[in-house]
Amino acid sequence: MDTTTIVIVLAAIVTISIVVIVLSQMREKARIERARKVTAQEDAYNRAQRLLSEIPGQYLTADLKLLLIKRMEEACSELAALKANLPVKKWQESTLQIKNQILEKQDSRPPVKIDSPEKSSYVKELLQNLFKIIEGMHKSGRIDAGTAKKNLKYVLFLVHKTHADLHVFQARDYVRQNQIRKAIHAYHLASTEMGKSRDNPLAMKAVKSFRTRIKELEALSNEGQDTASAESQSKLDREWDTFLHDDEWKKKADYDD
């Protein structure tokens, strides 16, 4: 075998080796990228499912539920396309069932009493995660600007209401203990929280109710009346428990200013 042939053979071997290495690296890179996409979509599904399950029932409107369902459906579609080794079909069936229940107004979720700073903080964290999901869906073009704006503003309102819920719970407790001045202060804090959503008619209705309640308690405190009188004169406490289900005020609300 002459020198030229040997050089050609060696060159061919080197070239083949380089091609094999490059192809191997490309396959490994594709495998890693696929695994990354699967993990990202699995996390997206689990995150949306968790929010749908754990956000208190009184906070989740049909629109918010359907946005979470949409995110879950998208994640399942992506996972199916990636042929992920996950129970995607089962997830899709479950998601469709919940979606139909929501559309048929048969999806009822229990309200959760916000009765501790820890619970208030946890619900706030859930709502902040919901905000990020909606924001991400808008940035990726999955929902239009109008839908995003409407729901983002409402989620911010819910964050403020979470804090107000805690202050109202504390105020009620103070009234039962006949600590009227502390109750008044707690209602002031609740009013301040709801005042942060000034462009929301529901929030302004709440602020007005809190101010009325504060005046009631101030009058009772000045007159030296007892706890029973304070409790009997409060319509606010009963209204607050069904605040987000007030259909008359919801019809008046316009979040697209």
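Start by selecting leucine 23, which is found in helix 1 (residues 3-54). Helices here are DSSP runs of H or I with at least four residues, strands are runs of E with at least two, and both are numbered from the N terminus. The model is predicted: local features need pLDDT of at least 70, side-chain atom pairs count only at pLDDT 80 or more, and totals for chains, interfaces and linings use all residues. Residues are numbered from 1 along each chain as its sequence is written, and side-chain values use heavy atoms, with hydrogens and water left out.

Leucine 23 counts as partly exposed because its relative accessibility is 41%. The cut-offs are under 20% relative accessible area for buried and over 50% for exposed, with partly exposed in between (1.4 Å probe, protein chains only). Now add Val14, Ile18, Val19, Val22 and Met26 to the selection; together with Leu23 they form a nonpolar patch on the surface, with about 520 Å² of accessible area. Accessible areas come from the Shrake-Rupley method with a 1.4 Å probe, and for residues only the protein chains shown count as cover. A patch takes residues with over 30% relative accessible area and no salt bridge, joining like charges within 9 Å and nonpolar side chains (Val, Leu, Ile, Met, Phe, Trp, Tyr) within 5 Å.

Next, go to serine 53, also a residue of helix 1. Serine 53 is partly exposed, at 46% relative accessibility. The side chain of serine 53 reaches the backbone oxygen of glutamine 49 at 3.0 Å. This is a polar contact, meaning a pair of N or O atoms within 3.5 Å; within protein, one must be able to donate a hydrogen and the other to accept it, and residues adjacent in sequence count only if both atoms are side-chain atoms. Lysine 65 is 12 residues from serine 53 in sequence, and their C-alpha atoms are 9.9 Å apart.

Helix 2 (residues 62-81) is the following stop. Its 20 residues reach 28 Å from first C-alpha to last, close to the 28 Å expected; the expected span is 1.5 Å times one less than the number of residues. Buried residues of helix 2 include Leu64, Leu67, Leu68 and Ile69. After helix 2 comes lysine 83, with a positive phi near 55°.

Stay in helix 2 and select glutamate 74 and arginine 71, which form a salt bridge with the closest N and O atoms 3.6 Å apart. A salt bridge is a side-chain nitrogen of Lys or Arg within 4 Å of a carboxyl oxygen of Asp or Glu, and the structure holds 14 of them. Glutamate 74 and arginine 71 are three residues apart in helix 2, so about one helical turn separates them. Both glutamate 74 and arginine 71 are buried.

Glutamate 73 makes a salt bridge with lysine 99, the closest N and O atoms being 3.4 Å apart. Because lysine 99 lies in helix 3 and glutamate 73 in helix 2, this pair ties together parts that are 26 residues apart in sequence. Lysine 99 is partly exposed at 25% relative accessible area, and glutamate 73 is partly exposed at 27%. To see a network, select Lys70, Arg71, Glu74 and Arg142, which are joined by salt bridges that share partners.

Then turn to the rings. How many aromatic pairs does a search of the whole structure find? There are three. Rings of Phe, Tyr and Trp (its six-membered ring) pair if their centres lie within 6.5 Å; planes under 30 degrees apart count as stacked, over 60 as edge-to-face and the rest as tilted. Tyrosine 45 and tryptophan 91 are stacked, because their ring centres are 4.3 Å apart and their planes are at 5°. This pair links distant parts of the chain, with tyrosine 45 in helix 1 and tryptophan 91 in helix 3 (residues 88-103), 46 residues apart. Tyrosine 45 is buried at 6% relative accessible area, as is tryptophan 91 at 15%.

Tyrosine 154 and phenylalanine 157 form a tilted pair, 5.5 Å centre to centre with 45° between the planes. These two residues are three apart in helix 5 (residues 145-176), so they are separated by about one helical turn. Phenylalanine 157 is buried, with a relative accessible area of 0%.

Finally, show the whole chain: it has 10 helices and zero strands, and 38% of its 257 residues are buried.
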